[in-house]
Amino acid sequence: GGLEFPYDQLIISLGGMPNFFGIPGVQEHSMTMRGVEDAEHVRNRVIERFEEVSLIREEVPDSKLTFVVIGGGATGVEVASEIHTLVHENLAPDYPNIDPYRVRIFLLEALPNILPELDPALRRAARTRLANERIEVMVGAMAEEITENCVKLKGGREILTENVIWTAGNRPNQTIQDFGLPFDVRTGVQVDLTLRVEGHDNIWSIGDCAAVQDVRQEDGAIVPPTAQAAIQEGHLVAKNVIKTIDGEDDLGEFKYKPIGQLVELGSDFAVNEVMG
């Protein structure tokens, strides 16, 4: 609302937002997954569907009890597994008149593999676990349109569902486009390795809204939009801002050190990559 405040040093860390890639209907007809609030929303949707179906006396349409998770990265895999756990461990005992096996869970990924960031052995373990949970994994599957009761895929296949969860990509927070800073719509605010915004002495940017070069990789790739990367950037930018205020010019440069990744598949199983 038009507030203005002066600054000596400014750190921009507005995070990301879901990227719907211009696919019709995604924004209107899907739930996103970016935090605890979104997770509660998804959980409540599953419970509401069970409530609704338990009151329907005539034939229940398949679309009510079909859940489609779009995006086969860590978030998508975890969401699909959590829905399965919620249905079979928590809801089935309370709703004896609903066959839990009527619930269908699809996991769609446009790339050839789910969990592409993990080691192939861990990927296979995750695939086996998902198959055991009867979660239907479809790779090379691209959504073309989402309506209130259907996901239409490239190639013509349709999945009847009223419950779509979108986890298939983020983009930098679009608000930053209005700041007049060097900004790439795909990757974010352009910063150097000290995390200072290009062309500015006292503006810095970190996290999902900043394009930080990953010096471990040759091809100019940027650091992935993960919490662990943002935390590491936060530590460095704090030191560099203090050095700048103290008039020192030996600023540190960012080198991302991934500490690993844990992907939970239900309450008693996970795949975990630790320190390589």
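**Two loop residues, two sheets and a patch**

Let me start with F21, which sits in the loop between β2 (16-18) and α1 (26-29). Before going on, I should say that what you have in front of you is a predicted model.

What is the phi of F21? It is near 55 degrees, a positive value, and F21 is a residue other than glycine. Is F21 buried or exposed? Its relative accessible area is 52%, and the cut-off for exposed is over 50%, so F21 counts as exposed.

Now a second residue to set beside it. L115 is not a glycine, yet it has a positive phi of about 45 degrees. You will find L115 in the loop between β5 and α4, and α4 covers 120-132. Is L115 buried or exposed? The relative accessible area of L115 is 0%, and buried means under 20%, so L115 is buried. To put the two together: F21 is exposed, whereas L115 is buried.

Next, the sheets. As a reminder, strands of a sheet pair through backbone hydrogen bonds, either parallel or antiparallel.

One open sheet has 5 strands in the order β3-β10-β4-β5-β6, and the pairing is parallel. Which strands are at the edges? They are β3 (31-32) and β6 (135-139), each of which pairs on one side only. Inside that order, take β4, residues 66-70, and β10, residues 163-166: 4 bridges link them in the parallel sense. If you want a point to look at, V68 stands opposite V164 in β10.

There is a helix to add to this sheet. Helix α3, residues 74-91, lies across β4, β5 (104-109), β6 and β10. With respect to β5, helix α3 runs at about 175 degrees.

Another open sheet has 3 strands, ordered β12-β13-β15, and here the pairing is mixed. Its edge strands are β12 (183-184) and β15 (210-211), and each pairs on one side only. How do β12 and β13 run? They are antiparallel, joined by 2 bridges, with β13 spanning residues 188-190. In that pair, D184 has G188 in β13 as its bridge partner.

Last, the surface. Which residues make the nonpolar patch of about 330 Å²? They are I259, V274 and M275. Of these, V274 belongs to strand β17, residues 270-274. V274 has a relative accessible area of 52%, and is therefore exposed, since the cut-off is over 50%.

That is my part.

Technical notes
Residues are numbered from 1 along each chain as its sequence is written. This is a predicted model: local features need pLDDT of at least 70, side-chain atom pairs count only at pLDDT 80 or more; totals for chains, interfaces and linings use all residues. Side-chain values use heavy atoms; hydrogens and water are left out. Two strands pair if DSSP finds at least two bridges between them. Contact means heavy atoms within 4.5 Å. Axes are lines fitted to C-alpha atoms, for helices over the stretch in contact, and angles run from 0 to 180 degrees between N-to-C directions. Buried means under 20% relative accessible area, exposed over 50%, partly exposed in between (1.4 Å probe, protein chains only). Patches are made of residues with over 30% relative accessible area and no salt bridge: like charges are joined within 9 Å, nonpolar side chains (Val, Leu, Ile, Met, Phe, Trp, Tyr) within 5 Å. Accessible areas come from the Shrake-Rupley method with a 1.4 Å probe; for residues, only the protein chains shown count as cover. A salt bridge is a side-chain nitrogen of Lys or Arg within 4 Å of a carboxyl oxygen of Asp or Glu.
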